[in-house]
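Please look over the sequence and the structure before reading on. The paragraphs that follow go from the whole chain to its parts, and then to some of its side chains.

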Amino acid sequence: MANNQVDIKFPKGGLFFIILAVLGIIIVSKSAVTIGSGERGVLYKMFGGVVTDQPPLDEGFNLVMPWNKVFKYNVRQQELFEKKMAVLSSNGLEIQLDASVLYQAKDETVALLHQTRGEHYLQSVIIPAIRSATRSVVGRYTPEQLYSTKRDAIQTEIFEETKKILDPQYIQLNSVLVRDVTLPPTIKEAIERKLKQEQESLEYEFRLVTAKKEAEKVRIEAQGKADANRILSASLNDKILQDKGIEATVKLSESPNSKVIVIGSGKSGMPIILGNQ
């Protein structure tokens, strides 16, 4: 029994074009690079190294030579949360501090960042920078200042010192937020007692000042009344009183009510008015 065989024949030169097409597909697939949203691509040429004199590859579809490489970098704002950083205060007590660091790679210098610091710049640059700046700043303050009055100032100083370290290394620092400061329990209790006593003292002083001001107000009002009475008494002599009496008599005499006026019978010759109805 004869075996049935299928004889597949390619057109003359067809195999060459198939191989060429396959190679073309492989080359295109190796050359196509898609940059995601919020990312930039740093081009590394096999012959030339990192491309720093051209803008990085933008979002979307990009074609590069298959023997070159593209390193993708997130250029959005990112957060580093440093929890329980152990630092020493000015008097040598250990403080634990929680902080959030908001940072991002710069679009225009992301290639230089890759060339000088690499993809792991968070571990090699940012974390050491924030820890060093925090230790330096916290070491200038007492636990009481860290816990109460100076937290905003400390936050600002940590930001400024960290920024000085990161700016030359092509990393943009947006903010440093101090979330919590943890003191040893005994120190925290002592500070809280002191703050409570200071608050009570301030309230007592406020009440004293208020009472003193009120007493001063009463004294001034009484002095004013006494001065007014003294001035009035000094100005009321017999002549003035007699003139005022005459004026009053004239006005009463013009009144339609029946009355009897005795002229010159009162003390100092002032009229006496009788029968006023």
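What does the accessible surface of the protein come to, and what percentage of it belongs to carbon and sulfur atoms? In this model, which is predicted, the accessible surface comes to about 19,100 Å², and 57% of that area belongs to carbon and sulfur atoms. The protein has 277 residues, of which buried residues make up 26%, and its secondary structure consists of seven helices and 10 strands. When contacts between residues at least 6 apart in sequence are considered, 63% of them join residues that are at least 24 apart.

One place to begin is an open sheet of three strands, which has the order β3-β2-β5 and antiparallel pairing. Its edge strands are β3, covering residues 49-50, and β5, covering residues 69-74, and each of these pairs on one side only. Strand β2, residues 39-45, runs antiparallel to β5 and is joined to it by six bridges; along this pairing, G41 stands opposite K72 in β5.

Strand β2 also carries a residue that leads on to the charged side chains. As a general matter, side chains of opposite charge can pair when their charged atoms come close. In this model the count comes to eight salt bridges. One of them is formed by the side chains of R40 and E59, with a distance of 3.7 Å from N to O. Because R40 lies in strand β2 while E59 lies in the loop between β3 and β4 (60-63), this pair ties together parts that are 19 residues apart in sequence. The two partners differ in their exposure: R40 is buried, with a relative accessible area of 15%, whereas E59 is partly exposed, with a relative accessible area of 41%.

R40 has a further salt bridge, with D107, in which the closest N and O atoms are 3.0 Å apart. Since D107 lies in the loop between β7 (94-105) and α2 (110-116) and R40 in strand β2, the pair ties together parts that are 67 residues apart in sequence. D107 is partly exposed, its relative accessible area being 31%.

Elsewhere, the side chains of R131 and E82 meet in a salt bridge at 2.7 Å, taken from N to O. R131 belongs to helix α3, residues 121-138, and E82 to strand β6, residues 78-88, so this pair ties together parts that are 49 residues apart in sequence. R131 is partly exposed at a relative accessible area of 36%, while E82, at 7% relative accessibility, counts as buried. Returning to R40, salt bridges that share partners join this residue with D58, E59 and D107 into one network.

The nonpolar side chains give another view of the interior. In soluble globular proteins, nonpolar side chains tend to be buried together. Here the largest nonpolar core has 35 residues, and those with the most contacts inside it are Y121, I126 and I171. The elements that give two or more residues to this core are β6, β7, α2, α3, α5 (151-166) and β8 (171-182), with the largest share, eight residues, coming from α3. If neighbours within four places in sequence are left aside, I171 is in contact with Y103, Q104, K106, L113, Y121, V125, I126 and L166. Apart from this core lies another, of six residues, among them V33, I35, L43 and L57.

Nonpolar residues also appear on the surface. Which residues form a nonpolar patch there? The patch is made of M46, F47, M65 and W67, which together have about 500 Å² of accessible area. Of these, M65 is found in the loop between β4 and β5, and at 44% relative accessibility it counts as partly exposed.

Strand β4, which precedes that loop, contains L63. This residue counts as exposed, at 58% relative accessibility. L63 and A32 are 31 residues apart in sequence, yet their C-alpha atoms are 4.7 Å apart in space. Not counting residues up to four places away in sequence, L63 touches S31 and A32.

Notes
Residues are numbered from 1 along each chain as its sequence is written. This is a predicted model: local features need pLDDT of at least 70, side-chain atom pairs count only at pLDDT 80 or more; totals for chains, interfaces and linings use all residues. Side-chain values use heavy atoms; hydrogens and water are left out. Two strands pair if DSSP finds at least two bridges between them. Helices (H or I, at least four residues) and strands (E, at least two) are DSSP runs, numbered from the N terminus. A salt bridge is a side-chain nitrogen of Lys or Arg within 4 Å of a carboxyl oxygen of Asp or Glu. Buried means under 20% relative accessible area, exposed over 50%, partly exposed in between (1.4 Å probe, protein chains only). Contact means heavy atoms within 4.5 Å. A nonpolar core is a set of buried Ala, Val, Leu, Ile, Met, Phe, Trp, Tyr and Cys residues joined through side-chain atoms within 4.5 Å. Accessible areas come from the Shrake-Rupley method with a 1.4 Å probe; for residues, only the protein chains shown count as cover. Patches are made of residues with over 30% relative accessible area and no salt bridge: like charges are joined within 9 Å, nonpolar side chains (Val, Leu, Ile, Met, Phe, Trp, Tyr) within 5 Å.
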